[in-house]
Amino acid sequence: MKLRVKKIKLLAGRPVCMIHEFTANKLSLHVGNRVLISKNSKKIISIVDTVSKIITKNEIAVSEDIAESLGLKNKDFVDVKIVRSPYSITLIKKKLNGGKLKKHEIDEIIQNIANNSLTETEIAFFVSAVYTKGLTLEETKNLTEAMVNAGNRLKFKGEIYDKHSIGGVAGNRTTPIVVSICAAAGLKIPKTSSRAITSASGTADAVETIARVDLPIKKIREIVNKTNACFVWGGALGLAPVDDKIIKIEKIVNIDSHSQLLASILSKKISVGSKYVLIDIPYGKSAKVLKKEAIKLKRAFLSLADNFDLKISVALTNGSEPIGNGIGPVLEMKDIIKILKRYDPPKDLEEKSLFLAGKLLELAGEKQGYKKASEILNSGKAFKKFTEIVKAQKGNINKLNKLKPNFFHNIIVKKKVKIKHIDNKLINRLARVAGCPEDKAAGIYLHKKKGELSNKNETILTIYAVSKEKLNQAIKFYHENEGEVVEFY
């Protein structure tokens, strides 16, 4: 059926259309059904909603996602056809029942996610199936390949290096420091990062406080050729785009499976042409994984790397406690700049960054990686390189001064205590309740760390928020979990 286009200002993050109830009844369409919308040779699958107003019987209202994809203007005509539920749904049920998926079956699911044939609810079932039933190493390899093949790929001249952490540690913003040191040493390291899934901030969220991270591929090539590196959001590039759709669902349901984590990280590294990759796996109490699981993950990474001709070094690091003082995009970026400028830096974040930078330099052939990394950091070359990359990404570190929280609340101890443990998961949740990562200036500042003494009436942490409502919710969350967010001796 041909319908006339009416564009609506709706950026849903997925293709969404609205059809008049009369037309929907004529086509036997129901809310949540799928339709194929096409114009000339361009096609897109969309989820349907029905309305009785807004549009007429012969019109279709389309979201900005659809209009951009098909190049539509108001009053254009498109063909609309009903699309059957994809076979992938049967395959997802197979995995939910504990079955092993073959390569072509995984390809089918990933292609259906890529072309929007699966709804968010159906993708959530796939995420749940992978989380509860797991994937074999072979399934994970096939999932990685499928995600790479469903997206774009970047190509650079020369050998490409990369670094990635599995995350889960609050404030663990080592990437901008490591990349700046290694790029200053001459390594080419086009760093693409995800946004936060369960933490208070991802590298892309933090860098976005001072520079653009949603750059086109052509511009990224220019920046990397000029500076040796970049800090960009992978979701804007169409690199393994299915992974970004899955991450969006994982963020909603607050789960992050090991199999998906492996495929997610490797697919992004392969998509940017990385040859040498350092993987940081933090482990310990309140980290994503315990040491036993970290060792298994390390073996899996090394095994999978052989299938993709990657040279991988895996570092198992202590992730029991938050690292740095700031938790949240702006506060984490302030920690990064303190380290790079050599001004009152948080020592634990600095030490870990030097350790990881040293490992990556050793992967490149440097015999004394840590020593070389320290020399570059202390000489000011890393900060110079960082500002060079930020400037190339249309940024300026002074932008931080404009991002300020409107409200704050100090958590004060009522007696002399010693910090026993700060829970990563709960401190991240506290920061998210305060508004992270969407509210860039929101977050938590840790005045005290594990093993430190706090005197009576001393502040151990400060909660920052941009709205009074979110601040109140965060204060309430802290007191509901008092003694667990921060444990005392």
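**Exercise 1. Find out what share of the chain is buried, and how the chain is built overall.**

Step 1. Buried residues, meaning those under 20% relative accessible area with a 1.4 Å probe and protein chains only, make up 55% of the 489 residues in the chain. Keep in mind that this is a predicted model, in which local features need pLDDT of at least 70, side-chain atom pairs count only at pLDDT 80 or more, and totals for chains, interfaces and linings use all residues. Residues are numbered from 1 along each chain as its sequence is written, and side-chain values use heavy atoms, with hydrogens and water left out.

Step 2. Now look at the secondary structure: the chain has 18 helices and 18 strands. These are DSSP runs numbered from the N terminus, with helices (H or I) of at least four residues and strands (E) of at least two.

Step 3. The radius of gyration, taken over C-alpha atoms, is 24 Å, close to the 23 Å that the globule rule gives for 489 residues, so the chain is as compact as a globular protein of that length. That rule is 2.2 Å times the number of residues to the power 0.38.

Step 4. Along the principal axes, the C-alpha atoms fill a box of roughly 70 × 50 × 45 Å.

**Exercise 2. Describe how helices α13 and α16 meet.**

Step 1. Two packed helices are described by the angle between their axes and the distance between the axes.

Step 2. The axes of α13 (residues 329-341) and α16 (residues 381-392) come within 8 Å and cross at roughly 135°. Axes here are lines fitted to C-alpha atoms over the stretch in contact, and angles run from 0 to 180 degrees between N-to-C directions.

Step 3. That angle makes α13 oblique to α16; angles under 35 degrees count as roughly parallel, over 145 as roughly antiparallel, 65 to 115 as roughly perpendicular and the rest as oblique.

Step 4. On the α13 side, the contact (heavy atoms within 4.5 Å) is made by Met-333, Ile-336, Ile-337, Leu-340 and Lys-341, and on the α16 side by Ala-382, Phe-383 and Phe-386.

**Exercise 3. Locate Ser-63 and Thr-144 and list their partners.**

Step 1. Ser-63 sits in the loop between β5 (59-62) and α2 (64-70), and is buried, with a relative accessible area of 0%.

Step 2. Leaving aside neighbours within four places in sequence, Ser-63 is in contact with Ile-8, Leu-10, Arg-14, Pro-15 and Val-16. The C-alpha atoms of Ser-63 and Val-16 are separated by 5.5 Å, although these residues are 47 apart along the chain.

Step 3. Thr-144 belongs to helix α6 (residues 137-149). Thr-144 is buried, with a relative accessible area of 0%.

Conventions: Buried < 20%, exposed > 50% of the residue type's maximum accessible area, 1.4 Å probe, protein only.
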